[in-house]
Every structure is written in C-alpha cells, then in structure tokens.
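Biologist: I'm new to this one, so please pick one loop and give me a close look at it. After that, show me how the charges and a few odd spots elsewhere fit around it.

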Amino acid sequence: MGSEDEPLYDVSEWFIKPPFVSPRKEQSQVIPLIIKELAKGTKNIIVESPTGSGKSALSYMIPKITDLPAYVLTHLKGLQDQYRTELPEMSVVKGRGNYSCWLNVPPNCTDEELVNREVERVQNQGPSDSDRCSSDMAPCKTIKNFNCPFRFSIEELNPEESFFSDNSGDFCGYFNDLHDALFSRYFLTNMNYMASSWVHGHLPQRPLLVVDEAHNLESALMSHFSLDLSLKQIGNFLRDDSSFSDNSSELLANWRPNQEVSWGFPNLPSIRTDTDSRSWSMGAKVFSLYFKSLSGKIAERLERKKIAEDEIKNAEDLVLKLTQMSEWILDWENWVWTKNDELNPSRITFKTLSVRPFAEGLIHSSGHQRIFMSATIGNAEVLCDDLGLDKDETVFIRINYSSFPIENRPIITNVVGGNLSFKGRTEEDYYKTAKAIKSIAWKHKGEKGLILPYTKSNQQAILDAMNQHFPMVARRLRTHSDDSEEREQDFKSFDLSDSDDIMISTYANQGYDGKDVGFCIIVKVPFRSLGDIQVKKRTEMNDKWYKSQTANTLTQMCGRVVRGRDNKGSTYIIDPTFDFHFDKGIKGDGLRSEMPKYLVESIVSNRSVS
C-alpha cells in the first residue's frame, strides 16, 4: 500500500467524539480495507501500520463500525490502562492476581469456618479496606465446592436476561470487571490472560479477535509452554517442611524409571546443537515418565494435606504444568531443555521451539475472524509460520509510509561507537561506545535522552565506562528498578521531569512512549544470541526467522521517541557494523529488505549527517 492510494470511502462520520474526532490519513485508508476483508469472510487480517498511526483507534472503530463484539488484546497491562483512560467504553479484565478478595482471609486459606464468618460479615457490612489476599489465592480457588456468593459461573450468564447486568455491584472486583466485559462490545484484556482463560472453554467465542502489538503474541504464548524446574522447588513440596532434612541427598538424587525414592532430575544431558535425534527422542520419553511420576507424587501429598498452606496454589499449578508437559514433550522435535550445570544441576529449563501446534486452541479460536496489528510485522510469511496461521486464509495489509515529517524523525548512523558483539567486545569497544554517547549527549544538552543497550551486561559496562571516562555526562544517566511497579514509577518520574536526564534501559526497547525524549541511542544491532539453543534451533528450522526477528526488534527500537506528527527526535544507531548488516548482511540480503520503507528512507537520507 503506498501513499498515493485513496481511501475506498469516507470514514469520518464515525470519528465524532474524543479522543477520535477526525481520522488520520492511515486510518482513512486502512479501515475500509479491513471492513472489506471482514465482509468477504477473511479469517485472518494482518495489518502493519507505523508507530503513531493510531492503531488503538482501529481496535475501537472496527467493532463499532461493524457492530461486532470483540476481544481486544494487548501485551502489557499498562497498555490496558492506557486504553481504559482514553476509551472508557472498553471493559478491562486483568488476571486475578491484580484484584483483592473481598474476604479478609490469608492467602490460600482452607479454614472453612473462618471463610463462612467472613462471607456473613461482608454480606452484612460490605468489604473492608484492610489488606486481603489476591483473588488468585482466594477461597473460591483453594476450597473445593466453595460457592462464593460474590462470584458467578460464566455458564450462568445469559445476555438475553438482565439479572446479572443489573447487579454487577454484588460481585467482587475481578468478577465485576469480568461481568462488565462479557456484556460489553469490547472485552479488553492482555495476551497472557486470554491464553490462560480461553483454553479452559469458559469464555464464549466472539465474532472478532483484535490483537494489538501482535509481534509480541508469539513470545506471550511461548511463556505458557515453558517450564523452569528447580530442586529446591521439588524439595519444598516433597519434604514434610521447607527445611533441609537428613534424607535430602537421597530425596533429590537422580530419578530413574520404576522407583519412587529419589525425585531429582533424570541423569540426561541438555539438548545442544549437535544432539542426535535418538538421544533427543529418548530423553523426551524419559522426561515424560518423570513428569507423570512427579505430578502424581505432589498430587498425592496435596490430597493428604502434606503441602504447606501458603504453597498449595504453587503446588497445584506445578501438578497441572507437569501433567501437560508429560504429553507435550513427546513431540520431542519441538522441545529443548537446558541444565544450569551439566554435572551438578540445581535447575532445568524446558522451552518449546514453536507454538504452531497450540496457537489455534490457545487463543486464535476465541475470535471467528482475527485482526493482528503491529508497527513491526516485517515478513508476513514468518509471522504466519510463527503463529500457525493458514496463509490461504490470511490477508496482509501494509501502510508503507509515515505521515510524520521525515525531518522530524532522523535516524543517524554516522556517529560510531565500539563493536559490542558478544564475542568481540573489549574495554576499548566500551570506551568508544561511551565516547560516542558523550558526543551525542553534548549535542543534545538540555534535552532528555534514551539509551537502548539491548542487554543487561552492555548496560552495566556502558555505565562503568561513562563513570570512568566521562563523569560529567554520566551524571545525566539514570536507570530504573527491575520491579514492575517501581519501574513504572521510575519512568513516570523521568517522563514528568524537566531535566536533561538520559534513561538507559533494556526494558524500553519496545512499548515505551518517549514522546518527550529528544534523542535515542541504539548501541548495537539487536541480534539474538545463537548460543541460546532455542534461538539456534529456530534459526535452523526457518532461515528467514532470525533476520526477521532482528529487523522487527530494530524497527521497534527506532520508534521510541517520535510518537506523533508534532514530535521531534533523533535516533542514533552507533554500532560500527550497522551499515554492513543494513545494506548487505552475511548472506547478501541486508536488514533493509525487512524494515518498513519509511524507516529505510530516513536512514538513507541521513547518512551524511553527523
């Protein structure tokens, strides 16, 4: 789709109230195309539209224009809050851990007498403001057959009747939000919630599924198909208490089939790039038996009430995951596992190589028709392959230009730092990187900045080099907490400040709205580590995947500081290898072929700028 294309028809009649009072050019073009494909019955519609082109308006307008109820998914809870603020018509549902139970009981409480007293108190006096357990650890989750009067079963709801919709205030926070969303045109939630909920068959299918920031969907689904298992975790569930006992060494010794004395990991090596298929498949069979045996043992202890009360939910979750993994891992070519230490492991991680076998049942089928939107689709065939979408049932709509003035969003590549590739980086490279950051920071004195180091190790090394060599600029640098709530506050403080601080952050690679930031520095091309067995195997499975992932991540990084037509901001890519990877690449096909045309134009037009 080019800038010369004219809209199929005028959509301005739908843009009649804040925050959408007039359609942007991109919206005017893409909305009629989406409506046309929906009318044709197209199953999957992939939309690539630039940062700042107003994809949130699409999530709102498409269900409104078609009058079709929709699930609208984001990848971050913060984006849900942003939607809720801008569009109160959208009903937001988050995971149960974000809500408090109305009953003033401890987490995972199984004391039915206490619970019944609390129910009576709330019915008479209403919920208190005291600290309560979160809804995911409430009695309705931990006590079998407990019929909480402040919740409902989705199967009981009938949209034709008004009883529930007139009395939603009788429900606790989570079920109140769930109720409102079920009766709303817009059921707005996050990818992880939907993947966890839809698979159980409780939610009704809707005509539309709209996925915002769809480039994150695969990683969100993959989080549901991984297992991080530790000996400490196993020991805590199988010992009579959480302290180490005299038989710890026997209890956590290597497990072998047909014995129930030791419950440590089977004595099998990690999967490596040179692991032969026989060892791989046989290892998967052994782990399948191990998962079945271990889940049975923990389930037995749960039944006998041998698990500490505050660990019951974690034990139940592990039993479910082990039971699922015992089946999934038999598809051995789709799984890898890695020990933290081959000789004396204390932890082992299992990862899937593809969510294709699961994606339809896990999330896609929640919508009869699906719209996947992002600024960084890149190679549509790779996305279809990653998400298990039938190419014959899929249409790709791409806005290949940006309506933001090109002079407002320069991408400059002539200021060069050191080579921070994993194998080649040295102290000299970090000095060169720090020197490049210093020159850019001085050029933008008085402006806020953003540095994207891509990895934590790069972040720390850059901070050390700046403090050592350029302390005056180093005083402008600030970091954020790794705790999600504290991190949100750190960014909020940074956004609201009038300083010329420079935030250095691996978290801000995507999703961060830096409209008040004057410049962004990308220190290296974001290649994934081929030392990661999952990355290596996926690259072997699809030779287009690795380049597509790199181009998409770089595109996201280039879109952090210019978020609207009136924003101005410079992006600097200071990796000395960038020009080679952009123009040519190792296989003679550079990243430019996978990046949006409007970004390529900005990079090429600014090559003479320093």
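Modeller: I'll start with a single loop, then move out to other salt bridges, a charged patch, some backbone details and the cysteines.

A quick word on the ground rules: this is a predicted model, so local features need pLDDT of at least 70 and side-chain atom pairs count only at pLDDT 80 or more, while totals for chains, interfaces and linings use all residues. Residues are numbered from 1 along each chain as its sequence is written, and side-chain values use heavy atoms, with hydrogens and water left out.

Our loop runs between helix H11 (248-251) and helix H12 (277-303); helices (H or I, at least four residues) and strands (E, at least two) are DSSP runs, numbered from the N terminus. Asn258 sits in this loop, and its phi is near 70 degrees, a positive value in a residue other than glycine. Asn258 is also exposed, at 84% relative accessible area. Here buried means under 20% relative accessible area, exposed over 50% and partly exposed in between, using a 1.4 Å probe and protein chains only.

Further along the loop comes Thr273, which is partly exposed at 43%. Thr273 pairs up in space with Lys536: their C-alpha atoms are 7.3 Å apart, although 263 residues separate them in sequence.

Then there's Arg272, which forms a salt bridge with Glu342, the closest N and O atoms being 3.6 Å apart. This pair ties together distant parts of the chain, 70 residues apart, since Glu342 belongs to the loop between strand E7 (335-339) and strand E8 (347-352). Arg272 is partly exposed at 46%, and Glu342 is partly exposed too, at 30%. Elsewhere, salt bridges with shared partners join Asp579, Asp583, Arg592 and Arg607 into one network.

A salt bridge, by the way, is a side-chain nitrogen of Lys or Arg within 4 Å of a carboxyl oxygen of Asp or Glu, and that rule gives 28 of them. Some sit within a helix. Glu37 and Lys40 meet at 3.6 Å, N to O; they are three residues apart in helix H1 (residues 25-40), so about one helical turn lies between them. Glu37 is buried at 10%, whereas Lys40 is exposed at 57%. In helix H4, Arg121 and Glu118 meet at 2.8 Å, and both of these residues are buried.

Just before H4 there's another loop to look at, the one that follows strand E3 (91-92) and leads to helix H4 (112-125). Asn108 is part of that loop and has a positive phi near 60 degrees. Unlike the exposed Asn258, Asn108 is buried, at 1%. Asp111 lies in the same E3-to-H4 loop and is partly exposed at 39%.

One more backbone detail: the peptide bond from Pro18 to Pro19 is cis, with omega near 5 degrees, and Pro19 is in the segment before H1.

Finally, the cysteines. A search of the whole structure turns up zero disulfides, meaning pairs of cysteine sulfur atoms within 2.5 Å. Cys172 has its closest cysteine sulfur in Cys148, but at 6.4 Å that's too far for a bond. Cys172 is buried at 11%, and Cys384 is buried at 5%.
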